[in-house]
Amino acid sequence: MVISSSHTYSKNNLDVVNINTANKINGKRFTQNGQIQIYQSQYRGSYPSIIRDSLRNAALGRKVLLIQFMKGGVKQGVNNAVKLCGNLTWVRSSHSFDQYNLESIENNKNLKKSIHESTFELWNFCKKELQSGENDQIILDEIFLAIDMKIIDKDDLISTLENRFISGDVILTGTDIPKDLLLMANQITELRS
């Protein structure tokens, strides 16, 4: 069952860019940013419809970036991103949380450090992409788990989303979503079993 609600973000999302040509300053206004959509669930692994939609959007010609923060097994990393449908870039962490059980991670400081570093590298890549304006849609899968695990700072995510430059939507998925981020969302969808 899917339950959706819409929230209108109160800020006026317009950027003003000054262009100096022949000593004359012109103000040009750009409407900024698509919606922030949050998909939440009580359990992990409940977002195959989002993956399906990203493939469909890419096949229709939209440039889509899919980042899976906690999924593993393929050891992609930023430098080994997979391209699908010509327009979908799919990236997973090079050393992922999902490759090991929680006890193994907690008992091995080097493993824990490696997972945190590769996830943080992925987050730095995401920040650049959110600022670049080169994608029509960016999906940050399980980013809230990375926040919960203290790998990514919640305030850094909020600041990055507030200062993003993307004409399309940013989709965030996960469980235990901080209230600050729920208040930023234009759409919140709760997935139930």
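Where is K71 found? K71 sits in the loop between strand 5 (64-68) and strand 6 (82-84). The notes below start with the model and return to this residue.

1. **Basis.** This is a predicted model, in which local features need pLDDT of at least 70, side-chain atom pairs count only at pLDDT 80 or more, and totals for chains, interfaces and linings use all residues. Residues are numbered from 1 along each chain as its sequence is written, and side-chain values use heavy atoms, with hydrogens and water left out.

2. **Overall make-up.** The protein chain has 6 helices and 10 strands. Helices (H or I, at least four residues) and strands (E, at least two) are DSSP runs, numbered from the N terminus. Of the 193 residues of the protein chain, 43% count as buried. Buried means under 20% relative accessible area, exposed over 50%, and partly exposed in between (1.4 Å probe, protein chains only). Take the contacts in the protein chain between residues at least 6 apart in sequence: 72% join residues at least 24 apart. Contact means heavy atoms within 4.5 Å.

3. **Largest nonpolar core.** Which residues touch the most other members of the largest nonpolar core? They are F69, L140, L157, L172 and L181, in a core of 32 residues. Strand 4 (36-41), strand 5, helix 3, strand 8 (137-141), helix 4 (143-148), helix 5, strand 9 (169-174) and helix 6 (179-184) each supply at least two residues of this core. A nonpolar core is a set of buried Ala, Val, Leu, Ile, Met, Phe, Trp, Tyr and Cys residues joined through side-chain atoms within 4.5 Å. In soluble globular proteins, nonpolar side chains tend to be buried together.

4. **L172 and the second core.** Residues up to four places away in sequence are not counted here. L172 touches I36, Q37, I38 and Y39. L172 also touches L140, I143, F144, L157 and L161. A second, separate core has 9 residues, including I50, L66, L88 and W90.

5. **Helix 3 against helix 5.** Helix 3 (residues 109-132) and helix 5 (residues 154-162) pack at an angle of about 20°, with axes 9 Å apart. Helix 3 is therefore roughly parallel to helix 5. Angles under 35 degrees count as roughly parallel, over 145 as roughly antiparallel, 65 to 115 as roughly perpendicular and the rest as oblique. Axes are lines fitted to C-alpha atoms, for helices over the stretch in contact, and angles run from 0 to 180 degrees between N-to-C directions. The crossing of the two, helix 3 and helix 5, is left-handed (the near helix is turned anticlockwise from the far one by less than a right angle; clockwise would be right-handed).

6. **Residues at that contact.** From helix 3 come W123, K127, L130 and Q131; they meet D156, L157 and T160 in helix 5. By class, the contact has 3 nonpolar, 2 polar and 2 charged residues. Ala, Val, Leu, Ile, Met, Phe, Trp, Tyr, Cys and Pro count as nonpolar, Asp, Glu, Lys and Arg as charged, and the others, Gly among them, as polar.

7. **Helix 1.** N57 lies in helix 1 (residues 48-59). N57 is buried, at 10% relative accessibility. Neighbours within four places in sequence aside, N57 is in contact with R62, V64 and Q137. I51 is also in helix 1. At 26% relative accessibility, I51 is partly exposed. With the same sequence neighbours left aside, that is, those within four places, I51 contacts L66 and Q68. The C-alpha atoms of I51 and D141 are 9.3 Å apart, and the two residues are 90 residues apart along the chain.

8. **Positive phi.** E142 is not glycine, yet its phi is positive, near 60°. E142 lies in the loop between strand 8 and helix 4. Is E142 buried or exposed? E142 counts as buried, at 3% relative accessibility. K150 is not a glycine either, and has a positive phi of about 65°. K150 is in the loop between helix 4 and helix 5. K150 counts as exposed, at 70% relative accessibility.

9. **K71 and T189.** K71 is buried, with a relative accessible area of 17%. K71 and V91 are 20 residues apart in sequence and 9.6 Å apart in space, C-alpha to C-alpha. T189 belongs to strand 10 (residues 187-191). T189 is buried, at 1% relative accessible area. From T189 to S41 the C-alpha distance is 8.6 Å, with their positions 148 residues apart in sequence.
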